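Let's take a friendly walk through this structure together. Keep the viewer open as you read.

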Amino acid sequence: MKVVKEHFDSEAKAWDKNVLQVIPFYKEMLDCLVSVLPFAKAAKIKVLDLGAGTGTISYLIKSRFPKAQVTCVDISPKMLEEAGKKLQGFRDVKYEVADLAGYRFSEKVDAIVTSLALHHLAPDPGKRSFYKKAFAALKPKGMLVNADIVLAGSSRIQSFYISKWQEYLKQNLSNEHIHENHKRYEREDRPNVLLQELEWLQQAGFKHVDVYWKYYNFAVYGGQK
């Protein structure tokens, strides 16, 4: 994960701008992630934002659930510095530098949210182990929601997904930057077949497992305890 940390440290200040050029419907994806959380607006919930980056999800959560206690966790200190700036107007926000690989949950929480982070974990056993630990860390009726890169169930459909992603990138980036993005994708990312992810969530104990939003190779999915 060292190369991942170095990547995000170097991109921290430009992340909010760059991610819009690389991820289609990024804002809609995160809005879905937050909207699906099953809590009343005034609820005093504890939320763990894993791979919090510059704090965009935490910002949306604090805006929608003002009494939420949020902990932002990220491998990159520089990303968390940017998150601190974005969230400085809110109370009850904590920051923790940690690697999601082998992450130890220290308390029970109402929700675990994560975006564009879990695909850095090795699918098996890394991801399967994570889901089991996340389930144990949730309070009854707590929820895990992930917005991430996923794979199709066949090589033909996966090639189609990538072609649609390339179309989006060409609207925003030069050929050189697209090539760099593809090299980084192959070097750092370990996405998994979406249907396999859903099965692993069920095996970890999650109920009502579902896909809440999807656009080709990007999806929002999760389950409830």
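Buried means under 20% relative accessible area and exposed over 50%, with partly exposed in between (1.4 Å probe, protein chains only). Helices (H or I, at least four residues) and strands (E, at least two) are DSSP runs, numbered from the N terminus. Please keep in mind that this is a predicted model, in which local features need pLDDT of at least 70, side-chain atom pairs count only at pLDDT 80 or more, and totals for chains, interfaces and linings use all residues. Residues are numbered from 1 along each chain as its sequence is written, and side-chain values use heavy atoms, leaving out hydrogens and water.

With those terms in hand, start at helix 6. This helix covers residues 123-137, and the face turned away from its buried side carries the exposed residues Pro125 and Lys132. Its buried residues are Lys127, Phe130, Tyr131, Ala134, Phe135 and Ala137. Seen down the helix axis, they fall within an arc of 160° (taken over the directions from the axis to the C-beta atoms), so they line one face of helix 6. In general, an α-helix has 3.6 residues a turn, so residues three or four places apart point the same way. The cover over this buried face includes strand 1, strand 4 (109-115), strand 5 (138-149), helix 9 (194-204) and strand 7 (218-224), where contact means heavy atoms within 4.5 Å.

Next, turn to strand 1 (residues 46-50), where aspartate 49 lies. What does this buried residue have in place of a salt bridge? A salt bridge here is a side-chain nitrogen of Lys or Arg within 4 Å of a carboxyl oxygen of Asp or Glu. For aspartate 49, the nearest side chain of opposite charge, lysine 86, is 9.4 Å away (Lys and Arg count as positive and Asp and Glu as negative; His and the chain ends are not counted). Its side chain does join that of serine 58 in a polar contact of 2.7 Å, that is, a pair of N or O atoms within 3.5 Å, where within protein one must be able to donate a hydrogen and the other to accept it, and residues adjacent in sequence count only if both atoms are side-chain atoms.

Elsewhere, the structure holds eight salt bridges. One of them joins the side chains of aspartate 110 and lysine 139 at 3.5 Å, N to O. Aspartate 110 lies in strand 4 and lysine 139 in strand 5, so this pair ties together parts 29 residues apart in sequence. Aspartate 110 counts as buried at 13% relative accessibility, while lysine 139 is partly exposed at 29%.

Methods:
Expected span 1.5 Å × (residues − 1).
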